[in-house]
Amino acid sequence: MAQKIKRHDRVLVIKGRDRGKVGAVLQVKPREGRIVVEGVQVVRRHVRPRPNRQGGIVERESPIPWCNVRLICPSCNKAARVGFRFLEDGRKVRYCKKCQANID
Ligand SMILES: [Zn+2]
């Protein structure tokens with residue numbers, strides 16, 4: 001599968017509970033087709049105290065399907081559809097279908 005979303009990308013959530021939120025991609029799980037986005041799908045977990053850690057409530061992002069987000073183009077700053085193109089040196093890069101700018 002071509003990887004349209006990468007770590008450190010800024011994405012807009014278009015589906016689910018956190019629709020409309022924008023955040024940075026913290027983690028990509030290609031095998032599950034899921035990504036973890038900063039501040040999105042935050043769940044509270046109750047954690048028992050351990051010798052090296054305090055107990056209490058921990059807020060943590062959980063993974064969401066990557067098709068629920070859209071990449072925000074760093075160039076035009078809009079939620080963009082992403083395509084792929086090859087550069088002259090053979091590298092494959094993503095580009096924004098709105099403003100045509102290369103993203104990588
Ligand atoms: Zn763009």
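How many residues lie between S2 and S3 in their hairpin, and which residue in the turn has a positive phi? I began with this while looking through the model, which is a predicted one. I found that S2 and S3 form a hairpin with 4 residues between them, and that Gly33 in the turn has a positive phi of about 65°.

**Entry on the strands**

I then looked up how the two arms of this hairpin pair, and noted that strand S2, residues 22-29, and strand S3, residues 34-37, run in the antiparallel sense over 4 bridges. Lys29 stands opposite Arg34 in S3. Turning to the other partner of S3, I noted 2 bridges that join S3 to strand S6, residues 64-65, again in the antiparallel sense. Arg34 has Pro65 as its bridge partner in S6, while Lys29 is the residue that stands opposite Arg34 on the hairpin side.

**Entry on the zinc site**

Next I went to the metal, and recorded that the zinc ion is coordinated by the SG atoms of Cys73, Cys76, Cys96 and Cys99, at 2.2 to 2.3 Å. I checked the geometry as well: the 4 donor atoms around the zinc ion subtend angles of 104 to 114°, and the arrangement is therefore tetrahedral. For four tetrahedral donors the ideal angle at a metal is 109.5 degrees. Along the sequence I read the spacing of the donor residues as C-x2-C-x19-C-x2-C. The pair Cys73 and Cys96 links distant parts of the chain, 23 residues apart, with Cys73 in the loop between strand S7 (69-71) and strand S8 (82-86) and Cys96 in strand S9 (residues 92-96). I noted both Cys73 and Cys96 as buried.

**Entry on the salt bridges**

I counted charged pairs next, and the total came to 7 salt bridges. Side chains of opposite charge can pair when their charged atoms come close. Lys6 forms one with Asp104, their closest N and O atoms being 3.2 Å apart. This pair links distant parts of the chain, since Lys6 sits in the segment before strand S1 (10-13) and Asp104 in the segment after S9, 98 residues apart. I put Lys6 down as partly exposed because its relative accessibility is 32%, and Asp104 likewise as partly exposed, with a relative accessible area of 42%.

Asp104 also forms a salt bridge with Arg94, with the closest N and O atoms 3.3 Å apart. Arg94 lies in strand S9 and Asp104 in the segment after S9, so this pair ties together parts that are 10 residues apart in sequence. Arg94 is buried, with a relative accessible area of 3%. I noted further that salt bridges with shared partners join Lys6, Asp9, Arg94 and Asp104 into one network.

I also looked up the salt bridge in which the side chains of Asp18 and Arg17 meet, at 3.9 Å from N to O. Is each of these two residues buried or exposed? Asp18 is buried, at a relative accessible area of 8%, whereas Arg17 is exposed, at 56%.

**Entry on the largest pocket**

Last, I looked at the largest pocket, in which about 230 Å³ of space lies. Its lining includes Lys4, Ile5, Ile14, Trp66, Cys67, Val69, Arg70, Leu71 and Lys97, and I found Ala80, Arg81 and Val82 among the lining residues too. Which strand gives the largest share of this lining? I recorded S7, from which 3 residues of the lining come.

How values were computed:
Residues numbered from 1 in each chain as written. Predicted model: local features only at pLDDT ≥ 70, side-chain atom pairs only at ≥ 80, totals over all residues. Heavy atoms only, no water. Pairing = 2+ DSSP bridges. Donors = N, O, S within 2.8 Å, 3.2 Å for Na, K, Ca; no water. Tetrahedral: all angles 85-135°; square planar, octahedral: opposite > 155°, others 65-115°. Buried < 20%, exposed > 50% of the residue type's maximum accessible area, 1.4 Å probe, protein only. Salt bridge = Lys/Arg side-chain N within 4 Å of Asp/Glu carboxyl O. 1 Å grid on protein atoms, 1.4 Å probe; cavity = no way out; pocket = protein on both sides within 12 Å on 5 of 7 lines; lining within 4 Å. Points joined across faces, edges and corners; volume = space filled by probe spheres on them.
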